[in-house]
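Me: I would like a close look at one part of this structure. Please explain it slowly, and say what each term means when it comes up.

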Amino acid sequence: MHRSLCRCGTRIEMKTSWTQANNGRRFLTCQRRLVAPFAQASLFIFLDIFIDTETVIFLQQNGGCGFFSWCDPPMCPRSVEIIPGLLRSKNAYEEQVLILQKNKKMLHVRIWCIGFVCGLVVMWIMKATS
């Protein structure tokens, strides 16, 4: 189990990297890890590079904490090769499901409208014949 507070007193969070090199790999980081200019950018800017002592000192001198630690071991080369393709396939299928759900709703509306119009026509014919 990891500590819940960083050495700077800020809460430590567990996050997941979704970068190409570390897909699905979990890490611990302090909320103050990135300095203000970098905080606007993606948190994953520094994840795929080795954070050396100079980088930590730079972050600390500029208001950041610099705490970062991997929870999971590095991915094997085969996983790094396969996982991105699987995620792309999964995302493509999810997008297709959303499109099909939208089309299903449109079909329900069309069927209801056709039924309503048919009912009006039947009522008009019955009124005209009586």
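How many bridges join β1 to strand β2, and do the two run parallel or antiparallel?

Reply: β1 and β2 are joined by 6 bridges, and the two strands run antiparallel. Before the details, a note on the source: this is a predicted model, in which local features need pLDDT of at least 70 and side-chain atom pairs count only at pLDDT 80 or more, while totals for chains, interfaces and linings use all residues. Residues are numbered from 1 along each chain as its sequence is written, and side-chain values use heavy atoms, with hydrogens and water left out.

First, the setting. The protein chain has 3 helices and 3 strands, which follow one another from the N terminus as β-β-α-α-β-α. Both kinds of element are DSSP runs numbered from the N terminus: a helix is H or I over at least four residues, and a strand is E over at least two.

The 3 strands form an open sheet in the order β1-β2-β3, with antiparallel pairing. β1 and β3 (68–70) are the edge strands, each pairing on one side only. From one strand to the next, the twist averages 25°; for such angles, axes are lines fitted to C-alpha atoms (for helices over the stretch in contact), and the angle runs from 0 to 180 degrees between N-to-C directions. Two strands count as paired if DSSP finds at least two bridges between them. In general, strands of a sheet pair through backbone hydrogen bonds, either parallel or antiparallel.

Now the pairing itself. β1 covers residues 12–17 and β2 covers residues 25–30. Ile12 has Cys30 in β2 as its bridge partner, and Ser17 stands opposite Arg25 in β2. β2 also pairs with β3, through 3 bridges in an antiparallel arrangement. Leu28, for instance, has Ser69 in β3 as its bridge partner.

How covered are these strands? A residue is called buried under 20% relative accessible area, exposed over 50%, and partly exposed in between, using a 1.4 Å probe and protein chains only. In β2, 5 of the 6 residues are buried, so this strand is largely enclosed by the rest of the structure. For the whole protein chain of 130 residues, 22% count as buried.

Ser17 in β1 has a relative accessible area of 0%, which means that it is buried. Its side chain reaches the backbone oxygen of Asn22 at 3.4 Å. This is a polar contact, a pair of N or O atoms within 3.5 Å; within protein, one must be able to donate a hydrogen and the other to accept it, and residues adjacent in sequence count only if both atoms are side-chain atoms.

Charged side chains come next. A salt bridge is a side-chain nitrogen of Lys or Arg within 4 Å of a carboxyl oxygen of Asp or Glu, and the whole structure has 5 of them. Glu13 takes part in one with Arg11, at 3.3 Å from N to O, and in another with Lys15, at 3.2 Å from N to O. Arg11, Glu13 and Lys15 are thereby linked in a network of salt bridges. The three residues can also be described by their cover. Glu13 counts as buried because its relative accessibility is 18%. Arg11 has a relative accessible area of 47% and is therefore partly exposed. Lys15, with a relative accessible area of 30%, is partly exposed.

Between β1 and β2 the chain passes through a loop, and Ala21 has its place there. Ala21 counts as partly exposed because its relative accessibility is 39%. This residue also leads to another part of the structure: Ala21 and Glu81 are 60 residues apart in sequence, and their C-alpha atoms are 8.8 Å apart in space.

Glu81 lies in helix α3, as does Arg78, with 3 residues, about one turn of the helix, between their positions. Glu81 forms a salt bridge with Arg78, and the closest N and O atoms are 3.1 Å apart. Both Glu81 and Arg78 are exposed.

In short, β1 is an edge strand, joined by 6 bridges to β2, and β2 is largely enclosed by the rest of the structure.
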